[in-house]
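Hello,

Here is the structure we talked about. Please open it first, then read on for what turned up.

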Amino acid sequence: MDAVDGQEPRWLSDDELDAWLSYVASSTLLEAALDRQLQRDAGMPHAYYQILAMLSEVPGRSLRMSDLAAITQSSQSRLSHAVSRLECNGWVLREPCPGDRRSTLARLTDAGFEALAAAAPGHVSTVRHHLFDRLSCDQVRQLREICNTMLQGLAADPEQAKRPGPRR
């Protein structure tokens, strides 16, 4: 294979290749397991759960659609489609943004919060079973550091890599 920039490619070492293949397989399988559990138990895909969860974590349970797209790492069009489906369920409302006629807010409704609250125990149990119950405290810390480093490198805007923190 020829490099695009004319430079010799930096091929992955055996250790890097093994880590990469393990990462791809585990992240793909974890995402599929989370999606299956949420579809089965709550009737929603994982992407919808993430939208509801992110809205539940911010003051007023509302965000600009553009900010919600950035936080959920979704395109504007994909998010718009998902929010339309969530609106049909009565879980999210779109509202004009006060002071900015060009922006729209997505607001989590009480029914949406109830749907999220009902789905959360099964979701957390699945996350624990497939991820955290298998890791030591030190591995959890390492995973957090690795993922935060990856997010900083992947986000075009470092502010996009920041997610709302858990409520205290």
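Axes are lines fitted to C-alpha atoms, for helices over the stretch in contact, and angles run from 0 to 180 degrees between N-to-C directions. Helices (H or I, at least four residues) and strands (E, at least two) are DSSP runs, numbered from the N terminus.

This is a predicted model: local features need pLDDT of at least 70, side-chain atom pairs count only at pLDDT 80 or more, and totals for chains, interfaces and linings use all residues. Residues are numbered from 1 along each chain as its sequence is written, and side-chain values use heavy atoms, with hydrogens and water left out.

Helix packing

Two packed helices are described by the angle between their axes and the distance between the axes.

Start with helix 2 and helix 5 (residues 110-130). They pack at about 115°, and their axes are 10 Å apart. Their crossing is left-handed (the near helix is turned anticlockwise from the far one by less than a right angle; clockwise is right-handed). Helix 2 brings His46, Tyr49, Leu52, Ala53 and Ser56 to this contact (heavy atoms within 4.5 Å). Helix 5 answers with Gly112, Phe113, Leu116, Ala119, Ala120 and His123. By class, that is seven nonpolar, four polar and no charged residues. Here Ala, Val, Leu, Ile, Met, Phe, Trp, Tyr, Cys and Pro count as nonpolar, Asp, Glu, Lys and Arg as charged, and the others, Gly among them, as polar.

Helix 5 also packs with helix 1 (residues 14-42). The angle is about 155° and the axes are 10 Å apart. Helix 1 and helix 5 are therefore roughly antiparallel (over 145 degrees; under 35 is roughly parallel, 65 to 115 roughly perpendicular, the rest oblique). Their crossing is right-handed. From helix 1, the contact takes Leu30, Ala33, Leu34, Gln37, Leu38 and Ala42. From helix 5, it takes Ala119, Gly122, His123, Thr126, Val127 and His130. The split is seven nonpolar, five polar and no charged.

Now helix 2 (residues 46-56) against helix 4 (residues 76-88). Their axes come within 10 Å and cross at roughly 80°. These two helices are therefore roughly perpendicular. Tyr48, Ile51 and Leu52 of helix 2 meet Leu79, His81, Ala82, Arg85 and Leu86 of helix 4. This contact has six nonpolar, one polar and one charged residues.

The sheet

How are the strands ordered in the open sheet? The order of its three strands is 1-3-2, with antiparallel pairing (two strands pair if DSSP finds at least two bridges between them). Strand 1 and strand 2 are the edge strands, and each pairs on one side only. The twist averages 30° from one strand to the next.

Strand 1 (residues 62-64) pairs with strand 3 (residues 100-108) over three bridges. Serine 62 faces arginine 107 there, standing opposite it. Strand 2 (residues 92-97) is joined to strand 3 by six bridges. Valine 92 stands opposite leucine 108, and arginine 94 stands opposite alanine 106. The hairpin of strand 2 and strand 3 has two residues between the strands. Glycine 99 takes a positive phi near 85° in this hairpin.

After helix 6

Alanine 155 lies in the segment after helix 6 (137-154). Alanine 155 is buried, at 16% relative accessible area (buried is under 20%, exposed over 50%, partly exposed in between; 1.4 Å probe, protein chains only). Alanine 155 and alanine 70 are 85 residues apart in sequence, yet 9.4 Å apart in space, C-alpha to C-alpha.

Best wishes
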